[in-house]
Amino acid sequence: MLPRLRKMGLTAAMAAMGLAAAIGHDALAQTPKRGGTLTMALEADFPSVDPLRISALVERQVGLAIMDPLFDIDAKGDIVPVLATGYEALDGGRTYRIKLREGVKFHDGTPFDADAVVFNIERVRDPKNGCRCLVNLANVAGVKEVDPHTVEFALKEPDAVLPAILSDAPGFMVSPTAAKTDPKSVAQHAVGTGPFVLKEWQQGHRIVVERNPDYWQKGQPYLDRVVFLPLSNEESRQSSLLSGSVDVIESPSPRFVTQAKANKKLRVDTGPGLGAVFLMMNTRTPPFDDVRVRRAVAFATNRPLFLKAIYQNQYPIADSLIGPGMWAHSPTPNFPGYDPKQAKKLLAEYGKPVSFTFGIAASPYTTLAAQALQEMWKEVGINAEIRQIEQARFIRDAIAHNFQMSFFRWAGRPDPDLNLYRAFHSSYADKPSSNYTQFSSAKLDDLLERGRSTLDRKERQKIYDQASAVLADELPYFYLYYATFHNVMSAKVHPGPIIADGVMRLQNTWVE
């Protein structure tokens, strides 16, 4: 439980991480087999696995094979220790004392210890290194060694979120020796403590990792080798799985998931997800600078029909940015449902024609979804012009607030603060940031500030329920569905526990 994990031993930590590989799939009915190669098709290529650059799902998938984090997420969505063994939150949450696992070595044979943690944290905190995660560490005043297996974080303000932050890229540990010798090598030759050692990286073609024979979790990993193939084309991933040239694919189409569930040669791994898919509306740009228009869009959208027609009901309707895979998830009763009469009433009050540009990242299913929404809105007098935008520009435009409405996905993080604070706090509204909609609310600011500084989980739950209610009234985001993930694989693959971030923990995976 947050905020305290006192002295969790090796047995408890390994159980929390799903040491029994088949939990959630085979319920311990089968003994994992050692050996074999797993080939996994990723949804995109990427240039680096350096923790300084990790943010996307594909980067985390490869990164977690090579590097262990200090903490991770378990199958229940809780934060559990990995290279840490536990922590204490002291001084009202202004100090965190973290105990470290002993006897762990990096792939180059150098020891994992407090010095290594201090090096890694200072490396990601150094503004010169431009870590994507830098803003999440803004509350860290410093980190120091207490003894060879204990580190202490000093924080500027009380903080309930640090363990969750250290389950993400800032907590991924690389060998200080390797990083100091050649800082640029971390990108494609990262040296971690993880279950696999990076052996080959052919940019745009494949990444190969092999079993770490000295992995600290005895008996793991089961696989000899994992080959990652970046296949950005959805159809290519799916046909490769059907042909047997790959064993696992990410991000299949809803139609393919339906087909796979009926195919005895395939297995569908489905998780509850931490985030959501939504329409974001720029609250500083007409027509969405008027909340009546934002609410009219919501009332004009028949989400049950939309999800049935486009996604075969494979995703649950969302009413917040706190996904069902997170401990803080709960219903938001005041989120607007389908009511076209109410939509027309609000549009009449607004008194002006409503038309806008609806930006989407180009993909067949996103285009189909956008067209379905466009038709629904047209029925109440809302006119949307769909504009397909190249992915890199799509993200740049969002950060620069250069849009009216965008169709967006946020895969989520394991703490509500990491989903909500940067997305909606007003301190980010007036500059390029992930407060894409430039939303500003003094009431919400207060809730978000209290949520990150309150250590008691029950109190935090109340705070984030209130925050979700504010967002349901103001609607900078109109949530469509929760970011439930699907990985489809050969039936011979036993993937281990289902984790809400959608990343397979490959130390637990085995093949028949």
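User: Which residues is Phe 407 in contact with, leaving aside its neighbours within four places in sequence?

Analyst: This is a predicted model. In it, Phe 407 is in contact with Val 277, Phe 278, Leu 279, Tyr 311, Phe 358, Gly 359, Ile 360, Thr 366, Ala 369, Leu 373, Phe 394 and Leu 480. Contact here means heavy atoms within 4.5 Å.

User: What makes Phe 407 stand out in the largest nonpolar core?

Analyst: That core has 77 residues. Phe 407 is among the six that touch the most other members, with Tyr 311, Phe 358, Trp 377, Phe 424 and Tyr 479. A second, separate core holds 40 residues, including Val 118, Val 140, Val 151 and Leu 162.

User: How do you know whether the radius of gyration agrees with a compact globule?

Analyst: Set the value against the rule. For 512 residues, a compact globule would have a radius of gyration near 24 Å. The protein has 23 Å, so the two agree. The C-alpha trace spans about 70 × 55 × 40 Å along its principal axes.

User: Why is Ser 251 called partly exposed?

Analyst: Buried means under 20% relative accessible area, and exposed means over 50%. Ser 251 is at 22%, so it counts as partly exposed. It sits in the loop between strand S11 (248–250) and helix H8 (254–261). Its phi is positive, about 50°, although it is not a glycine.

User: And Gln 438: buried or exposed?

Analyst: Gln 438 has a relative accessible area of 14%, so it is buried. The cut-off is under 20%. Gln 438 lies in the loop between helix H14 (416–424) and helix H15 (442–453). Gln 438 also has a positive phi, about 55°, and is not a glycine.

User: What makes helix H9 mostly covered?

Analyst: Count its residues. H9 covers residues 291–299, and seven of its nine residues are buried. They are Val 293, Arg 294, Arg 295, Ala 296, Val 297, Ala 298 and Phe 299. Across the protein, 59% of the 512 residues count as buried.

User: Which residues does a cis peptide bond join in the loop before H9, and what is omega?

Analyst: The bond joins Pro 286 and Pro 287, with omega about 0°. Pro 287 lies in the loop between strand S13 (276–281) and H9. Another cis peptide bond joins Gln 220 and Pro 221, with omega about -5°. Pro 221 is in the loop between strand S9 (206–211) and strand S10 (225–230).

Key:
Residues are numbered from 1 along each chain as its sequence is written. This is a predicted model: local features need pLDDT of at least 70, side-chain atom pairs count only at pLDDT 80 or more; totals for chains, interfaces and linings use all residues. Side-chain values use heavy atoms; hydrogens and water are left out. A nonpolar core is a set of buried Ala, Val, Leu, Ile, Met, Phe, Trp, Tyr and Cys residues joined through side-chain atoms within 4.5 Å. Buried means under 20% relative accessible area, exposed over 50%, partly exposed in between (1.4 Å probe, protein chains only). The radius of gyration is taken over C-alpha atoms; the globule rule is 2.2 Å times the number of residues to the power 0.38. Helices (H or I, at least four residues) and strands (E, at least two) are DSSP runs, numbered from the N terminus.
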